[in-house]
Amino acid sequence: MSTTNPCIISLSNTTRLYGTVIGVNDLNIELVPGAYGLVGPNGAGKSTLIGLITGALSPSLGTGRVFGVNPRTNPNVLHKIG
């Protein structure tokens with residue numbers, strides 16, 4: 001993570017399970033400000049990833065941070081997500 005471009009979304013060893021079905025598996029990302037696209041086939045985990053970032057879902061394993069805070073425990077962060 002650069003000090004000039006602070007990380008806005010960070011997922012570390014994040015996994016989301018739905019019973020025995022894996023929605024997202026061991027994801028590690030750090031996104032700095034910019035434009036990003038999220039594409040993939042059906043069942044690739046796109047909606048699960050968005051749910052983890054917005055706090056609608058909690059990770060089964062690992063951590064997720066948006067602007068340095070957990071979106072599940074600080075809903076005020078949603079005001080910064082567009």
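How do the residues lining the largest pocket divide into nonpolar, polar and charged? Let's build up to that, starting with the basics. This is a predicted model, in which local features need pLDDT of at least 70, side-chain atom pairs count only at pLDDT 80 or more, and totals for chains, interfaces and linings use all residues. Numbering starts from 1 along each chain as its sequence is written, and side-chain values use heavy atoms, with hydrogens and water left out.

Along the sequence you will meet the pattern β-β-α-β, made of one helix and three strands (DSSP runs, H or I of at least four residues for helices and E of at least two for strands, numbered from the N terminus).

Now to the core. Six residues form the largest nonpolar core: Ile9, Leu11, Leu49, Ile53, Val66 and Val77. Such a core is a set of buried Ala, Val, Leu, Ile, Met, Phe, Trp, Tyr and Cys residues joined through side-chain atoms within 4.5 Å, where buried means under 20% relative accessible area with a 1.4 Å probe, protein chains only. At least two of its residues come from each of β1 (9-18) and α1.

Back to the pocket. Its lining has 18 residues, with Ile9, Leu31, Tyr36, Ile50 and Ile53 nearest the centre. α1 contributes the most, four residues. As for the opening question, the lining holds 13 nonpolar residues, four polar and one charged (Ala, Val, Leu, Ile, Met, Phe, Trp, Tyr, Cys and Pro count as nonpolar, Asp, Glu, Lys and Arg as charged, and the others, Gly among them, as polar).

Notes. 1 Å grid on protein atoms, 1.4 Å probe; cavity = no way out; pocket = protein on both sides within 12 Å on 5 of 7 lines; lining within 4 Å. Buried < 20%, exposed > 50% of the residue type's maximum accessible area, 1.4 Å probe, protein only.
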